[in-house]
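Hi,

Here is the structure I said I would pass on. Have a look at it first, and my notes follow underneath.

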Amino acid sequence: MNTSRTDAAVQARRQATQEMLQRLQTALVTMARDHTPVTIAALARTARVSRTFLYQNQQARALVEQATRTKRPHPGISNSHARTQPVWKERALNAEEALAQAQREILTQRTRIAELLGKIRDLEHDLPEGSLQRIVTENTTLKQQVRQLTQDNQRLQERLASARQNNRFLDKRVADLEAQIAHYLTAPPPSP
């Protein structure tokens, strides 16, 4: 009974290893077709296996070595075009998408600007002739009045501060005088 369990576990492990090797071969074929550089990290991600499996399993290591050997360019043969073609395709697709997004954004901005300009024209149209000049003149007059009132307020604040200071001085003087005559008020009157 114990050996049948062990045999079943070994068989399951072999089956899992075969499935991982199959996924590895599929990933290598895909990477070769797309001219994608074969790296351990990319291969592990694509094949859904661990990096440890790629390093420790002899069959997996042999498959990776064979793939990297065939990917190396032979002396005198330029393989740069085949490797860069998918990169340029991806860049071109990304550029097209970015261009389309920019065009949509520009169209949205132009629509918004047109709406705002229409609102400004409507507001200007509702104003009678010469009212713009009148509004500018009134605005200037109001600004001058605000400036004058601010100066008047500042002058009044200064006068109020001076009056308070004078009041404190006079209160102190009254207190001193009261202190000087206090003994006359509390002393008994002289006898006649």
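A quick word on terms before the notes: pLDDT is the predictor's confidence in each residue, on a scale from 0 to 100. You'll need that because this is a predicted model. The chain averages a pLDDT of 85, with 91% of its residues at 70 or more. Going by element, helix α5 (residues 80-126) has the lowest mean, 82, and helix α6 (residues 131-186) has the highest, 91. The stretch to be wary of is residues 74-78, where pLDDT stays under 50 and the model has zero contacts beyond four places in sequence.

Now the overall layout. The chain has six helices and zero strands. Its radius of gyration is 47 Å, well over the 16 Å that the globule rule gives for 192 residues, so the chain is more spread out than a compact globule. Along the principal axes, the C-alpha trace spans about 140 × 75 × 45 Å. Buried residues account for 11% of the 192 in the chain. The exposed surface comes to about 16700 Å², and carbon and sulfur atoms supply 56% of that. As for contacts between residues at least 6 apart in sequence, 48% of them join residues at least 24 apart.

So where is the largest nonpolar core, and which residues have the most contacts inside it? It has 18 residues, and the best-connected ones are Leu24, Leu28, Leu43, Phe53 and Leu54. The elements that give it two or more residues are α1 (2-33), α2, α3 (51-56) and α4 (58-71). Of these, α1 gives the most, with six residues.

A few residues you might click on:

- Leu28 is in contact with Val38, Leu43, Leu63 and Ala67, leaving aside its neighbours within four places in sequence.
- Thr17 sits in helix α1. Is Thr17 buried or exposed? Buried means under 20% relative accessible area, so Thr17 counts as buried at 13%. Beyond four places in sequence, Thr17 touches Phe53 and Asn57.
- Helix α2 (residues 40-47) has Ala42, Leu43, Ala44 and Ala47 as its buried residues. Just after α2 comes Arg48, with a positive phi near 55°.

Leu43 is worth a second look: it is one of the buried residues of α2, it is among those with the most contacts inside the core, and it touches Leu28. Phe53 is another, as it is also on that core list and is touched by Thr17.

Cheers

Terms used
Residues are numbered from 1 along each chain as its sequence is written. This is a predicted model: local features need pLDDT of at least 70, side-chain atom pairs count only at pLDDT 80 or more; totals for chains, interfaces and linings use all residues. Side-chain values use heavy atoms; hydrogens and water are left out. Buried means under 20% relative accessible area, exposed over 50%, partly exposed in between (1.4 Å probe, protein chains only). Helices (H or I, at least four residues) and strands (E, at least two) are DSSP runs, numbered from the N terminus. A nonpolar core is a set of buried Ala, Val, Leu, Ile, Met, Phe, Trp, Tyr and Cys residues joined through side-chain atoms within 4.5 Å. Contact means heavy atoms within 4.5 Å. The radius of gyration is taken over C-alpha atoms; the globule rule is 2.2 Å times the number of residues to the power 0.38. Accessible areas come from the Shrake-Rupley method with a 1.4 Å probe; for residues, only the protein chains shown count as cover.
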